Amino acid sequence: MLDQPRIMRLAHEMAQHAAFRQGIVAQNMANADTPGYRARDVAAFRAGLGEVADPMRQTRRTHLGPMQGTNTPEILFVAGIEASPNGNTVLLETEMVRAAAARSQHDRALSVYKAALDMMRTALGRGR
Amino acid sequence: MSGLLQAMGISASGMQAQTERLRHVSENIANVDTPGYRRKIVSFEEIVSGGERTGKVRTGPVELGRGELSRIYDPAHPLANAAGYHDGSNVDLVVEIADAREAQRSYEANLKLFEQARQMSRSVLELLRR
């Protein structure tokens, strides 16, 4: 099987990150009226989060395999927001902004992926 | 893709919880003239399954409003006491309408996110076309 080109893998990770962030925003929004709930956000996307810089080589089948980096981004609590009287720190407006950011990141990642796909198609001689 | 599906599930749980809240608000409004009726209040809580938070939300146990019941003067009423008063409900229509508004606003926000997650997953599928 062909090794996936790096740019496509990158786009894949970026889209995955955007989808994860969308999930976190959905959580905040669903819990916008839950007493004591603290709003969460995701650490910004960083390329190669799932890779380990210098992976261990497995020289024997019974040995430990190469370390797998975790692919889930870090979840942070949103700080600096005054809680409402019931202890909730979700602001619908900022959540909407985050949702829009996640959406545009997702769209960007998919466009990159699509462009890479088109390039491969062109290389195969099928045109666009 | 599974992340987006999860996001849709969470938004749906939010909408469900808000619907439940709106149901109790309409119950309160319908009973505004019921003697001795206490307004019902629902609060929300995060769903935790197996010690892990799922991010979904649900309505907690229903509580009764502790506000004082209104006193209505109507000597002809069968429930009226010697002084001619009987208990009304402790429902405040203004509060209920405000609550309904808030529920609607939250519902719409959840719906919007649901729609967005759906569009995102559709644009992923769009890649497979052509």
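1. A good place to start is confidence: within chain A of this predicted model, strand E2(A), residues 75–77, has the lowest mean, at 84, while H2(A) has the highest, at 92. For chain A as a whole, the mean pLDDT is 83, and 83% of its residues reach 70 or more.

2. On to the layout of chain A, which has 2 helices and 2 strands. Followed along the sequence, these elements give the pattern α-β-β-α. Of the 128 residues in chain A, 28% are buried. You may also like the contact statistics: taking contacts in chain A between residues at least 6 apart in sequence, 70% of them join residues at least 24 apart.

3. Now for the place where the two chains meet. Chain A puts 24 residues into the contact, and chain B puts in 25. On the side of chain A that touches chain B, helix H1(A), residues 6–30, and helix H2(A) each supply at least two residues. H1(A) gives the most to that side, with 10 residues. By type, the residues on the side of chain A that touches chain B are 13 nonpolar, 7 polar and 4 charged.

4. The pair of H2 helices deserves its own point. Helix H2(A) covers residues 92–123 and helix H2(B) covers residues 93–126; their axes come within 11 Å and cross at roughly 5 degrees. Because an angle under 35 degrees counts as roughly parallel, H2(A) is roughly parallel to H2(B). From H2(A), the contact is made by Leu92(A), Ala99(A), Arg103(A), His106(A), Asp107(A) and Leu110(A). H2(B) answers with Ala109(B), Leu113(B), Gln116(B), Met120(B), Ser123(B) and Val124(B). Sorted by type, the residues in this contact of H2(A) with H2(B) come to 7 nonpolar, 3 polar and 2 charged.

5. In chain B, please have a look at the hairpin. Strand E2(B), residues 44–49, and strand E3(B), residues 52–59, run antiparallel and are joined by 5 bridges. Val48(B) stands opposite Arg53(B) of E3(B). The hairpin has 2 residues between its strands, and Gly50(B) takes a positive phi near 65 degrees there.

6. One glycine in chain B is worth picking out: Gly14(B), which lies in helix H1(B), residues 2–30. Is Gly14(B) buried or exposed? Gly14(B) has 31 C-beta neighbours inside 10 Å, so this glycine counts as buried. Setting aside neighbours within four places in sequence, Gly14(B) is in contact with Met29(A) and Ala30(A) of chain A, and with Val57(B) and Asn110(B) of chain B. Val57(B) falls within the residue range of strand E3(B), and Asn110(B) within that of helix H2(B). As for Ala83(B), this residue is 69 residues from Gly14(B) in sequence, and the two are 48 Å apart in space, C-alpha to C-alpha.

Conventions: Residues are numbered from 1 along each chain as its sequence is written. Chains are lettered from A and ligands numbered from 1 in the order in which they are written. This is a predicted model: local features need pLDDT of at least 70, side-chain atom pairs count only at pLDDT 80 or more; totals for chains, interfaces and linings use all residues. Two strands pair if DSSP finds at least two bridges between them. Helices (H or I, at least four residues) and strands (E, at least two) are DSSP runs, numbered from the N terminus. Axes are lines fitted to C-alpha atoms, for helices over the stretch in contact, and angles run from 0 to 180 degrees between N-to-C directions. Angles under 35 degrees count as roughly parallel, over 145 as roughly antiparallel, 65 to 115 as roughly perpendicular and the rest as oblique. Two residues are in contact if their C-beta atoms, placed from the backbone, lie within 7 Å. Ala, Val, Leu, Ile, Met, Phe, Trp, Tyr, Cys and Pro count as nonpolar, Asp, Glu, Lys and Arg as charged, and the others, Gly among them, as polar. A residue is buried if 20 or more other C-beta atoms lie within 10 Å of its own, exposed if 12 or fewer, and partly exposed in between; C-beta atoms are placed from the backbone. pLDDT is the predictor's confidence in each residue, from 0 to 100.
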